[in-house]
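Here's a quick briefing on one model, going through a helix, a loop residue and a surface patch. Have the sequence and the 3D view open as you read.

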Amino acid sequence: MASGFSAWLRSPAAREYFFSTHFWGPVANWGLPLAAIADLKKDEEVISGSMTTALACYSTVFSRFAWRVQPRNYLLLACHLTNATAQLVQLGRFSNYHYFGGKEKKLGVPAPQVASA
């Protein structure tokens, strides 16, 4: 297996792949999921709900593109699936903080009681 991969690395096909946008586009795109993963440690107060939603949608759409393009771009697919997952986790953190009592719990303030009818 390793010798087959080594032979491929020395082949013109490998050079063609590594000098193409099919390789460098996803490599450049990995900045988005890496930043999203790093942001998972940040305070929920600084999460932008609209930007997180936009990035989750963007990566979901382009995951489909990476799957449908021929030849399939697995590196781009992995990049966008990673980013979509990280953005959806961030969106969950945002929603919990702003809409489901996370802010009150963090500040130690009792959640408002909903009056029953």
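Thr21 and Ala28 are exposed, and they sit on the face of α3 that points away from the helix's buried side. Bear in mind that this is a predicted model. On the buried side of α3 (residues 21-29) you'll find Phe23, Pro26 and Asn29. These three share one side of α3 because they span an arc of only 140 degrees around the axis.

**What packs over α3**
- The cover over the buried residues of α3 includes α2 (12-18), α4 (31-39), α5 and α6 (74-99).

**The loop between α5 and α6**
- Asn73 belongs to the loop that links α5 and α6.
- Asn73 counts as buried because its relative accessibility is 5%, and the cut-off for buried is under 20%.
- Leaving aside residues up to four places away in sequence, Asn73 touches His22, Pro26 and Ala66.
- Pro26 thus turns up twice here: it's one of the buried residues of α3 and also a contact of Asn73.

**The nonpolar surface patch**
- Leu32, Tyr58, Val61, Phe62 and Phe65 make up a nonpolar patch on the surface, and together they offer about 420 Å² of accessible area.
- Helix α5 (residues 49-68) supplies the largest share of that patch, with four residues.
- Phe62, one of the patch residues, lies in helix α5.
- Why is Phe62 classed as partly exposed? Its relative accessible area is 34%, which falls between the 20% limit for buried and the 50% limit for exposed.

Definitions and conventions
Residues numbered from 1 in each chain as written. Predicted model: local features only at pLDDT ≥ 70, side-chain atom pairs only at ≥ 80, totals over all residues. Heavy atoms only, no water. Patch = residues over 30% accessible without salt bridge, like charges linked within 9 Å, V, L, I, M, F, W, Y side chains within 5 Å. Areas by Shrake-Rupley, 256 points an atom, 1.4 Å probe, with all protein chains shown as cover. Salt bridge = Lys/Arg side-chain N within 4 Å of Asp/Glu carboxyl O. Helix = DSSP H or I, 4+ residues; strand = E, 2+ residues; numbered from the N terminus. Buried < 20%, exposed > 50% of the residue type's maximum accessible area, 1.4 Å probe, protein only. Arc of directions from axis to C-beta. Contact = heavy atoms within 4.5 Å.
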